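Thank you all for making time this morning. I would like to walk you through one chain, slowly, and I will point to the places on the screen as I go.

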Amino acid sequence: MPYLLHGLTARWLLILAATAWLQACQPAGQAPATAPGADKPAAAASGAVQPSLASYHDASGEDALTGGVRLIPITTPKGTFKVWTKRVGHNPRIKVLLLHGGPGATHEYFEAFDSYFPGEGIEYYYYDQLGSAYSDQPKDGSLWELDRFVDEVEQVRQALKLDKDNFYLLGHSWGGMLAIEYALKYQQHLKGLVISNMMASIPEYVRYAETTLMPAMDPQALKEILKLEAKKDYDNPRYMALLIPHYYVHHILRMPPDQWPDPVKRGFDKTNREVYVPMQGPSEMSSSGKLAQWDRMADLGKITVPTLTIGGQYDTMDPKHMEKMASLMPKGRYLHCAQGSHMSMYDDQKTWFQGLVRFIKDVDQGAK
């Protein structure tokens with residue numbers, strides 16, 4: 001689900017890292033993710049023809065001077081703005097556009113892809129949505145609407161010249177919601193779709209938090225968190241001091257915060273609250289913004305392109321719901337990260353990336 005690590009300063013990291021709580025939140029018996037390249041069953045199983053090293057790293061294109069970066073003009077009802085994208089690699093058959101979470105986070109927490117996708121010959125695109133990080137950040141709140149973001153993704157697709165023969169769309173958290181909406185409107189342009197750590201119903205997400213996640217929390221901590229939320233006292237340092245050890249390290253990223261990877265810290269620190277709060281609402285354990293009533297479960301059967309849903313056992317999102325999502329789509333497939341949380345690409349990295357690469361290569365080889 002959308003997340004916001006507002007106010008997580010170095011001071012709080014040191015305080016929290018010193019507590020026994022954080023050490024207790026390590027998944028029991030979990031081994032670290034296997035280093036990239038240690039074994040590559042997905043690539044071997046697919047038999048896909050890999051681009052040559054020279055062709056994959058060809059820097060003779062129009063964006064050679066920028067290292068693959070392009071600022072793409074986006075037309076909106078409030079004028080034209082620019083969004084930031086960066087291409088990595090070349091593969092004419094496999095091009096993956098990454099939709100980050102938030103709303104209002106950044107592409108940066110996806111940087112772990114650099115450790116996996118180049119070795120698989122997969123071309124991929126980082127992309128900061130309007131209002132995020134390196135893209136323009138207009139102050140007009142009317143721009144923060146789901147339909148407008150869908151239109152933005154389509155304009156980005158056209159500018160990057162992605163099409164049904166090569167275009168894979170991967171959305172994580174809020175990006176998964178955006179990917180669902182895009183597929184329902186523009187799936188004729190897609191070769192494959194990935195919905196990672198995102199339920200197809202916000203009311204069901206809230207219900208899961210209230211009936212499953214909250215009851216498992218320390219009762220006194222939960223009581224104080226809910227009291228602060230009732231007062232809308234979200235900027236109170238005590239709010240984050242409670243949420244981090246009692247919620248974040250269980251369900252967002254299952255590592256002590258002082259050990260969170262640098263891309264995650266940067267991506268969270270830059271989250272734009274002017275986008276996040278109106279759409280998601282300020283609370284971490286619920287939704288009260290414009291997206292609060294969003295529900296597409298009844299429409300998933302209309303998505304006919306090959307689709308992978310990914311869920312984590314300890315996610316803020318119900319993994320059983322995400323498995324059901326896959327069953328409702330004609331060409332759906334589910335990947336379960338048994339040690340993963342909302343950021344399964346970090347705390348169950350080997351499972352997440354191997355399953356993702358296997359899906360992409362299978363679709364490339366014509367699997368349904």
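**From one helix to the whole chain**

Let me begin at a single residue, Gly281, which follows helix α12 and has a positive phi, near 95°. Please keep in mind throughout that what you see is a predicted model.

Staying with α12, which spans residues 273-280, the residues Val275, Tyr276, Met279 and Gln280 are buried. They cover an arc of only 95° around the axis, and so they sit on the same side of α12. The general background is that an α-helix has 3.6 residues a turn, so residues three or four places apart point the same way. What do the buried residues of α12 pack against? They pack against α6, against α7, which is 174-186, and against α8, which is 202-213. At the other end of the helix, at its start, a side-chain oxygen of Asn272 comes to within 2.9 Å of the backbone nitrogen of Glu274.

Since α6 has just come up, let me turn to one of its residues, Gln155, which has its place in this helix of residues 146-160. Is Gln155 buried or exposed? Its relative accessible area is 19%, and because buried means under 20%, Gln155 counts as buried. If we leave aside residues up to four places away in sequence, Gln155 touches Pro73, Ile74 and Thr75. Thr75 is 80 residues away from Gln155 along the chain, and yet the C-alpha atoms of the two are separated by 8.2 Å. Gln155 also has a partner within its own helix region, in that a polar contact of 2.9 Å joins its side chain to that of Asp151.

Next, the strands, and in particular β4, residues 123-128, where 6 of the 6 residues are buried, so that this strand is largely enclosed by the rest of the structure. Both faces of β4 are covered, with Glu123, Tyr125 and Tyr127 buried on one side, and Tyr124, Tyr126 and Asp128 buried on the other. Which strands pair with β4, and in what sense? Strand β2, residues 79-88, pairs with β4 in the antiparallel sense over 5 bridges, whereas strand β3, residues 95-99, pairs with β4 in the parallel sense over 3 bridges. If you look for Tyr125 on the screen, you will find that it is the bridge partner of Arg87 and also the bridge partner of Leu97.

I would now like to move to charged side chains, where the count comes to 21 salt bridges, and I will take three of them in turn.

In one of these, Asp262 forms a salt bridge with Arg266, with the closest N and O atoms 2.6 Å apart. Both residues lie in helix α11, residues 262-269, and they are 4 residues apart, about one turn of the helix. Asp262 is partly exposed, at a relative accessible area of 45%, and Arg266 is likewise partly exposed, at 25%.

In another, the side chains of Lys302 and Asp299 meet at 3.1 Å, N to O. Here the two partners fall into separate classes, for Lys302 counts as exposed at 52% relative accessibility, while Asp299 is buried, with a relative accessible area of 15%.

The remaining example is the salt bridge in which the side chains of Arg333 and Asp362 meet, again with 3.1 Å from N to O. Arg333 lies in strand β8, residues 332-337, and Asp362 in helix α15, residues 349-364, so the pair ties together parts that are 29 residues apart in sequence. Arg333 counts as partly exposed at 29% relative accessibility, and Asp362 counts as partly exposed at 21%. Some salt bridges share partners, and in this way Glu108, Glu111, Asp262, Arg266 and Lys270 are joined into one network.

Let me finish by stepping back to the chain as a whole, which has 15 helices and 8 strands. Of its 368 residues, 58% count as buried, and its accessible surface comes to about 14400 Å², of which 53% belongs to carbon and sulfur atoms. How many of the contacts between residues at least 6 apart in sequence join residues at least 24 apart? The share is 77%, and the contact between Gln155 and Thr75, residues that are 80 apart along the chain, is one we have already visited.

Key: Residues are numbered from 1 along each chain as its sequence is written. This is a predicted model: local features need pLDDT of at least 70, side-chain atom pairs count only at pLDDT 80 or more; totals for chains, interfaces and linings use all residues. Side-chain values use heavy atoms; hydrogens and water are left out. Helices (H or I, at least four residues) and strands (E, at least two) are DSSP runs, numbered from the N terminus. Buried means under 20% relative accessible area, exposed over 50%, partly exposed in between (1.4 Å probe, protein chains only). Contact means heavy atoms within 4.5 Å. A polar contact is a pair of N or O atoms within 3.5 Å; within protein, one must be able to donate a hydrogen and the other to accept it, and residues adjacent in sequence count only if both atoms are side-chain atoms. Accessible areas come from the Shrake-Rupley method with a 1.4 Å probe; for residues, only the protein chains shown count as cover. A salt bridge is a side-chain nitrogen of Lys or Arg within 4 Å of a carboxyl oxygen of Asp or Glu. Two strands pair if DSSP finds at least two bridges between them. The arc is that of the directions from the helix axis to the C-beta atoms.
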